[in-house]
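Visitor: I'd like a close look at one part of this protein, and then a walk outwards from there. Could you take me through it slowly?

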Amino acid sequence: MLVRSVVIRSCAAWSAQGGPALRVGLVFLSLIFSYLSIVPRLAAAADGLRVEEITIAAPDILAVELREPAYSRGRIVTLPTPVSSPAGSWIDSAQGYGMVIGPKRDHLRLPDTPPSIRLDRAAADDASAYGPIGGHKVIDVFRKSVPYDSGFYSEGGASRTGASFKHYLYLQLDGPLEPGTYSIAWPRQMLPPAAFTYDPAATRAIALRTTQVGHTAGDVAKTAFLSLWLPGGPEDGAVDFRRYGLDRFRVVDASGKAVFEGAITLRKGPKDPEPGNGVAEPLGDYTHVRSPRVAVRGIEQTDPVRILAPGHGFKAGDRIALEGIGGDQDAGATFATVADATPDDFALSDVKGPIASAFDGEGTATLAYSSGRSGTYVFELDYSRFTPAASGIYRIAIPGLGVSDPIAISPETWFDLGALSLAGLYNHRSGIALDGRFGYTRPAAFRPGPGLTIHQSRLPLAWSQEFGGPLSLEKGAEAGWITEEAAPETYWGGYMDAGDWDRRIQHVEIASLLLDVFEWMPEAMRERRVKVPQSSEVLDDPAYKAAGDLPDLINEALWPMDFFRRLQAPDGSIHGGIESASFPLLGEPSYLEHQAVFAYAPDVVSTFKYAAVAARLARVLTEIGKTELADLYATSARAAWKAGEAGFADPDRFYAAAIAAGEETGLFAETPWETLKETLQKNAGEYRATAAASLFRLTGEAEFKTVFETAVSGGLSIYAHTADGAWDYLSSPGGDLTLQGRLRQQFLDEARMVSKAQDALAYPSMKHPGAPAGWGQGTAPDYNMVQLFMRAYRLQPDDQLLRIMEQTSAVILGANQVGLSFTTGAGTRQILHPLQEDHRAMGVAAPRGITVYGFGPQSQAAYGWVFGPPWSPLPESGTDEDAAARRIFPPRFSMPYLEFLIEHPGVIMQQEYTVQQPIATTAALWFFLAIAESNRTPR
């Protein structure tokens, strides 16, 4: 059975790695298998289209997941001699047809092979063509078609990416299905008949949204959700389970015995506003799935704007969406209200979004409506009071409907999840070969020496757009900025970010998070091993050899810190990181990078940011008795502070080389130096205060105390680096008691405010109500919120804060509206193809331990190169290249916010991540929850 074999392979591989098995799998395999036996027998056609699963959606609605074949992966081959063709070109060779990659142009990336079969969507949508099921007719079909797999190939010598689709078919029956064994006879015999058994005590209910990993017995929040949105269904797809009389649920054990019972309560309805959390409006605008798309023939740029659409049929007051107005690569939408309609045109009012100034003859208008982020009724199933005496596998059961995925109760749940994210960090280490200890291998990358020279650039990171400056990263490798000076061979290490190879100063936040968690860890937990390398095995300084056996969290914290310590200039300033000249060439792995690689010039912000975390690291190392290593970082932190102070006092002198480059390249014609300097000084002042607080906590010296107190005399926000400074000052003996009391209250008040804000949302998270949507805020918590919740709880233990942390984790791990775990390596149904360029280039599975950004609004993920003409991976216009069979459905702007999750790495906002957020944030969060559980349940 497919699902069973996947679980066996995953658990066995994890155990063989020597890593911390997610003990959920290993301890309870036999129990899990007993539940996997409920999965229906899978049907597969000879061409590869297959039935993945048959579940129950509602008493009268079956849910069938069909999958097209996955891509057949290509590989990297070595050519006997280099070729003259440039990197990125496709050539024929004795090794096969492939794309030239590598600095010597002596490797090829052979293409992935797209699926040869696509679902006949028209047939699948034809309700009348299905045979009877249990004596019931199929009277309607609601379909959602989205990617689950992606690949890289050539079309006419041009590089392309594509997708394989999974299709959710919701088969509406003319009455409730009774328990029994049945068969689905498919339209046009597109698949062999699919036999399945419906048993409400054993069949998975797809609308039950639960954690796919589990809990510890003492978790204060054990919450599941019941929600179903039907694409094109009645009431705009909103399903109210109360009409079926479903109002109670049970928790059942391995034998099926009920061990807890509770009420199903409505958390949010489709018209209930959900304010804040970065989404523009409390109710969102969406297009009706089955409304016709009316052709737009012209735009009159009058006041108000008028839309020419003969025969449109709209009336005044109708809400509509305009799409594709700017051409076949315009992937955005503009929502507006119809005013002053005639048979041939209409005016617009209450416009949200841009109106294209140039109309090229394309575009549509579609009726729209307003709804909450889920688009449906979201019911809550709270079983927090269920505290099992024994570990084991449990399920949620709704009488008359079905059951959830297996839910494991284990004391190791949170620790193992933290270890999984730690493995994710290891799997992004640069400069060393990854040895497969966490299921992923890769040769050493970006190690200076023969074949790789890293050049010094005159571009400081703080001047680049990667840290809020005016210049693109590409400038660092361009004439005027790049130099002939080679960086030392010690410039290696750190973490690769995600969809690129950069190693920037922001990554020291990883160390800061891990150190915060480590300080609160009980001694026994500190010494537990998840088998990250000992620092003495991979880092060269003699101080590591003398440090002996270091705890794993310290080893991982040291990895980015040692990298930036080696990027410290003789005067103590810190180079902001190492960058490639541009984003990676698709299909080329990190260890074959052909582009120029450069080191940023030092900047004051990077210098102070490093000083703050180096001082924190020195303090923790001192506390655990590693004095020689602590002295190494204390000395480095002081040198960085001295250099930062010099640069802060005289930025003209500090940035002299960069100013000269800016003058040579014309930078200051658009951004005068005095304007840029003002911004740099403001930012540097904040990081200076943070570094001062950290050094004050380390040394107790009055100089640092005074700098911090002066900097915050006008007030201090509890956000990111400023919060780090506030925490260090608050925790320092000898600080001003009044100021410390104020800071303490700020932490508590801010955490409670964020916690309270989640009451307004269908699915709670740790997201700040004022933060932007997406980019690390979609599902997983950001750096600041994890720090805030951990610190507030340490100041004053509060079960409500733990509740939000645990609920956020459950949502990440599957208790969300698309039923996916957003962390690779955890859960029954996981994200498979995040934007991690090495695994795409090598044609292998993504590393474990990656948590992607998750949900982000359609308007901010409107990529014309993804949702465009037929050559795009998910085309929305044209008919060439079988474009209609490669479209997501329903259209993007018909999907509610929490249904819009597109599993293609080109949808960057959703499928990317960074190592410091969310990989390090989930590591910190889950280790923190393990600590909290340990403190509640002494062992």
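Visitor: In what order do the strands of the open sheet of five lie, and what kind of pairing do they have?

Guide: Happy to. Keep in mind that this is a predicted model. The order across the open sheet is β31-β30-β34-β33-β32, and the pairing is mixed. Look at the two ends of that list: β31 (482-486) and β32 (503-504) are the edge strands, and each has a single partner strand, so one side of each has no neighbour in the sheet. Now move inwards to β30 (residues 454-460) and β34 (residues 597-601), which run parallel and are joined by four bridges. If you want one pair to find on screen, try I454, whose bridge partner in β34 is V597.

Not every strand pair here runs that way, so let's visit β22 (residues 345-352). Strand β19 (residues 306-308) runs antiparallel to β22, with three bridges between them. L308 is the residue of β19 to look for there, as it stands opposite D345. β22 also pairs with β21 (residues 333-339), again antiparallel, this time through four bridges. Here you can spot A339 facing A347. β21 and β22 make a hairpin, with five residues between the two strands, and D340 in the turn has a positive phi of about 50°.

While we're on β22, stop at K352, which sits in this strand. Is it buried or exposed? Somewhere in between: its relative accessibility is 32%, so K352 counts as partly exposed. Setting aside residues within four places in sequence, K352 contacts E281, D285, R319, A333, T334 and F335. The C-alpha atom of K352 is also 9.5 Å from that of A321, a residue 31 places away along the chain.

Next come the helices. Take α6 (residues 508-520): with 13 residues at 1.5 Å a residue, a span of 18 Å is expected, and the end C-alpha atoms are 19 Å apart, which agrees. This helix is mostly covered, as twelve of its 13 residues are buried. Among them are nonpolar names such as V508, I510 and F518, but also E509, S512, D516 and E519.

Helix α17 (residues 702-711) tells another story. F704, V707 and F708 are buried in it. Looking down the axis of α17, you'd see the buried residues within an arc of 95°, so they line one face of the helix. The exposed residues A702 and T710 are on the face turned away from that buried side. And what do the buried residues of α17 pack against? Their partners are α12 (627-649), α16 (673-699), α18 (720-730) and α19 (737-757).

F708 is worth a second look. Leaving out residues up to four places away in sequence, F708 touches A689, A692, A693, L716, G725, A726, Y729, L739 and L743. F708 also belongs to the largest nonpolar core, which has 176 residues, and is listed with W463 and Y633 as having the most contacts inside that core. Helix α11 (residues 604-623) supplies the largest share of this core, 13 residues. A second core, separate from that one, has 74 residues, including I54, A224, F241 and F379. As a general background point, nonpolar side chains tend to be buried together in soluble globular proteins.

Conventions
Residues are numbered from 1 along each chain as its sequence is written. This is a predicted model: local features need pLDDT of at least 70, side-chain atom pairs count only at pLDDT 80 or more; totals for chains, interfaces and linings use all residues. Side-chain values use heavy atoms; hydrogens and water are left out. Two strands pair if DSSP finds at least two bridges between them. A nonpolar core is a set of buried Ala, Val, Leu, Ile, Met, Phe, Trp, Tyr and Cys residues joined through side-chain atoms within 4.5 Å. Buried means under 20% relative accessible area, exposed over 50%, partly exposed in between (1.4 Å probe, protein chains only). Contact means heavy atoms within 4.5 Å. The arc is that of the directions from the helix axis to the C-beta atoms. The expected span of a helix is 1.5 Å times one less than its number of residues.
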